[in-house]
2 protein chains.
Amino acid sequence: MATGRTHRPATRSRGIPEATVARLPLYLRALTALSERSVPTVSSEELAAAAGVNSAKLRKDFSYLGSYGTRGVGYDVEYLVYQISRELGLTQDWPVVIVGIGNLGAALANYGGFASRGFRVAALIDADPAMAGKPVAGIPVQHTDELEKIIKDNGVSIGVIATPAGAAQQVSERLIAAGVTSILNFAPTVLSVPEGVDVRKVDLSIELQILAFHEQRKAGEEAAGAGADVSPPPLRGGAATNRKGPDGDVPAVMPA
Amino acid sequence: MATGRTHRPATRSRGIPEATVARLPLYLRALTALSERSVPTVSSEELAAAAGVNSAKLRKDFSYLGSYGTRGVGYDVEYLVYQISRELGLTQDWPVVIVGIGNLGAALANYGGFASRGFRVAALIDADPAMAGKPVAGIPVQHTDELEKIIKDNGVSIGVIATPAGAAQQVSERLIAAGVTSILNFAPTVLSVPEGVDVRKVDLSIELQILAFHEQRKAGEEAAGAGADVSPPPLRGGAATNRKGPDGDVPAVMPA
DNA sequence: ACTTGTGAACAGATTCACAGCC
DNA sequence: GGCTGTGAATCTGTTCACAAGT
């Protein structure tokens with residue numbers, strides 16, 4: 001097995017940190033906006049502001065791609081747009097399929113930013129026979145039975161799952177068996193997939209819960225600042241070790 | 001222990017790492033499923049598998065919340081559901097507004113997982129006067145003019161932005177001015193907000209671009225393993241230092 | 001015997017701060 | 001003078017491995 005070194009940073013300029021990869025699309029968007037306004041060059045400071053990050057981070061990120069700037073001047077906008085696009089693999093067109101054309105699937109199909117940047121909706125797939133043939137966003141919906149054929153005929157390697165949670169795992173298995181190796185999952189489930197398949201998930205309720213956590217904390221600090229006590233009735237003593245409510249403690253959530 | 005120390009880990013059990021917070025909703029979902037199947041206890045190993053993480057990470061995460069397990073046995077499902085819910089602030093109900101009732105906004109409004117877990121759609125808001133009064137997901141859409149009043153009357157602190165990119169910044173400013181302190185942004189823009197306001201973003205095209213990056217890399221490694229050359233025409237020499245195409249290099253993207 | 005809880009080691013990401021080049 | 005590129009320092013997160021508790 002001399003191949004497939006997925007872990008080590010390889011020789012050198014390969015092995016861009018994951019955190020950097022996740023920011024490249026952000027930079028690309030900001031650069032595209034500058035390009036449309038025909039701005040020729042931009043400093044790390046300006047670009048960082050536009051992308052919502054700090055400039056040291058941006059420079060470090062770019063340093064993984066190569067030395068694409070000019071000291072004392074900044075970065076050439078067009079040049080960088082090309083380099084980042086290439087690094088992200090957007091100089092080629094990726095056909096994607098969307099499975100599950102409910103409200104969300106339809107919204108995704110209609111989303112413009114799709115086509116604009118290297119992606120093409122190759123097909124819409126839904127399990128409901130009544131949907132078959134109906135056009136959504138100008139593309140006729142096809143039945144799940146056709147899934148394997150569609151994937152193969154179009155050389156699709158990226159699939160978007162927008163089905164109900166219950167169907168997602170099975171859909172992912174069919175996609176993968178047919179040749180898909182990257183999945184964007186909107187269904188609120190953990191997908192289990194074989195080694196080598198990438199999954200990214202987008203989950204509304206998780207995001208809201210994270211916001212709620214911080215929101216609650218803000219309320220608590222505010223109250224503390226004003227002199228009120230933060231934790232009124234529920235447990236959690238102040239002692240460092242040996243907490244844990246023994247048993248009379250789970251208040252009105254459902255248990256016995 | 002004066003007031004509002006937002007940065008240091010405080011005395012002790014405050015200061016749950018951000019990465020842990022982001023996983024709590026995942027654990028909660030897995031636990032809820034177990035709870036529905038009336039499973040009384042679960043080991044870190046089992047729960048970790050269900051949540052798609054490894055067990056050491058899960059135990060470490062839980063250790064930030066307190067000692068809620070029993071050695072040799074595992075965790076009590078109901079008890080943990082309650083503790084995590086409380087930690088996330090889901091024992092109270094959070095009213096949220098959705099601004100921008102296009103395809104996506106409607107999909108979000110219809111999304112069930114919303115109401116189920118501590119969130120309540122208090123209002124739908126859209127700038128199109130033609131939408132006003134129309135019910136979406138059983139809730140009548142209200143006009144943007146009412147935004148401030150709606151936020152204040154309902155004590156909304158979490159807003160969801162599903163408008164086009166161009167409107168998002170302005171909408172966020174109005175939400176914040178009216179009292180919102182957490183925003184979930186689906187518009188493909190960087191929002192700039194004052195200190196103390198939390199923003200999380202969900203961006204389809206960023207996720208796809210990250211997948212494309214890995215997809216491209218897979219294709220490259222495969223080719224390399226098979227003996228083919230990875231980088232056919234474009235630049236990027238192999239030399240370690242002193243790269244950067246001097247000027248005849250930007251191939252057919254748009255520049256001069 | 002089994003599983004949690006956690007220090008300690010490790011790995012990854014961010015920030016600092018400045019040398020190097022325009 | 002101004003701005004990039006990057007080592008070094010720092011911070012955050014993950015994994016290991018085992019002592020402690022049931």
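Arg200(A) counts as partly exposed, at 25% relative accessibility, and in this predicted model its side chain meets that of Glu207(B) in a salt bridge with an N to O distance of 2.4 Å. Because Glu207(B) lies in helix α9 (residues 204-226) of chain B and Arg200(A) in strand β10 (residues 198-201) of chain A, the pair joins two chains. Glu207(B), at 14% relative accessibility, counts as buried.

**Salt bridges**

There is a counterpart to consider with the chain letters exchanged. Arg200(B) forms a salt bridge with Glu207(A), and the closest N and O atoms of the two are 2.4 Å apart. This pair crosses between chains as well, running from strand β10 (residues 198-201) of chain B, where Arg200(B) sits, to helix α9 (residues 204-226) of chain A, which holds Glu207(A). Arg200(B) counts as partly exposed at 24% relative accessibility, while Glu207(A) counts as buried at 14%.

Over all chains, a search of the whole structure finds 16 salt bridges. One of them is formed within chain B, where the side chains of Arg174(B) and Glu148(B) meet at 2.9 Å, N to O. Since Arg174(B) belongs to helix α8 (residues 165-178) and Glu148(B) to helix α7 (residues 147-154), both of chain B, this pair ties together parts that are 26 residues apart in sequence. Arg174(B) is partly exposed, with a relative accessible area of 25%, and Glu148(B) counts as partly exposed at 25% relative accessibility. Salt bridges that share partners also join Asp198(A), Glu215(B) and Lys218(B) into one network.

**Aromatic pairs**

The search over all chains finds six aromatic pairs in the whole structure. In one of them, the ring centres of Tyr27(A) and Phe62(A) are 5.1 Å apart and the planes stand at 80°; because that angle is over 60 degrees, the pair is edge-to-face. Tyr27(A) lies in helix α1 and Phe62(A) in helix α3 of chain A, so the pair ties together parts that are 35 residues apart in sequence. Both Tyr27(A) and Phe62(A) are buried.

Tyr68(A) and Tyr79(A) form another aromatic pair, also edge-to-face, with 5.5 Å from centre to centre and 85° between the planes. This pair links distant parts of the chain, eleven residues apart, with Tyr68(A) in the loop between α3 and β2 (69-70) of chain A and Tyr79(A) in helix α4 (residues 77-88) of chain A. Tyr68(A) counts as buried at 5% relative accessibility, and Tyr79(A) counts as buried at 6%. Ring pairs further link Tyr27(A), Phe62(A) and Tyr75(A) into a cluster.

**The surface around DNA strand C**

Of the 24 residues around DNA strand C, those that come nearest are Arg23(A), Asn54(A), Ser44(B), Gly69(B) and Tyr75(B). Sugar and phosphate account for 66% of the atoms of DNA strand C that come within 4 Å of the protein. By class, the surface near this strand has five nonpolar, ten polar and nine charged residues.

Three polar contacts with DNA strand C are set out below.

| Protein atom | Atom of DNA strand C | Distance |
|---|---|---|
| Side-chain N or O of Arg23(A) | Phosphate oxygen | 2.8 Å |
| Side-chain N or O of Arg71(A) | Base nitrogen | 3.2 Å |
| Backbone N or O of Gly69(B) | Phosphate oxygen | 2.9 Å |

The elements that give two or more residues to the surface near DNA strand C come from both chains, namely α1 (18-36) and α3 (55-65) of chain A together with α3 (55-65), β2 (69-70) and β3 (74-76) of chain B.

**The site of Thr144(A)**

Thr144(A) lies in the loop of chain A between β7 (139-143) and α7 (147-154). With a relative accessible area of 11%, Thr144(A) is buried, because the limit for that class is under 20%. A polar atom of the Thr144(A) side chain lies 3.1 Å from the backbone oxygen of Asp126(A). When residues up to four places away in sequence are not counted, Thr144(A) touches Ile125(A), Asp126(A), Ala127(A) and Arg174(A).

Definitions and conventions:
Residues numbered from 1 in each chain as written. Chains lettered and ligands numbered in written order. Predicted model: local features only at pLDDT ≥ 70, side-chain atom pairs only at ≥ 80, totals over all residues. Heavy atoms only, no water. Helix = DSSP H or I, 4+ residues; strand = E, 2+ residues; numbered from the N terminus. Buried < 20%, exposed > 50% of the residue type's maximum accessible area, 1.4 Å probe, protein only. Polar contact = N/O pair within 3.5 Å; in protein donor to acceptor, adjacent residues only side chain to side chain. Contact = heavy atoms within 4.5 Å. Near = heavy atom within 4 Å. Nonpolar A, V, L, I, M, F, W, Y, C, P; charged D, E, K, R; others polar. Phe/Tyr/Trp six-rings, centres within 6.5 Å; stacked < 30°, edge-to-face > 60°. Salt bridge = Lys/Arg side-chain N within 4 Å of Asp/Glu carboxyl O.
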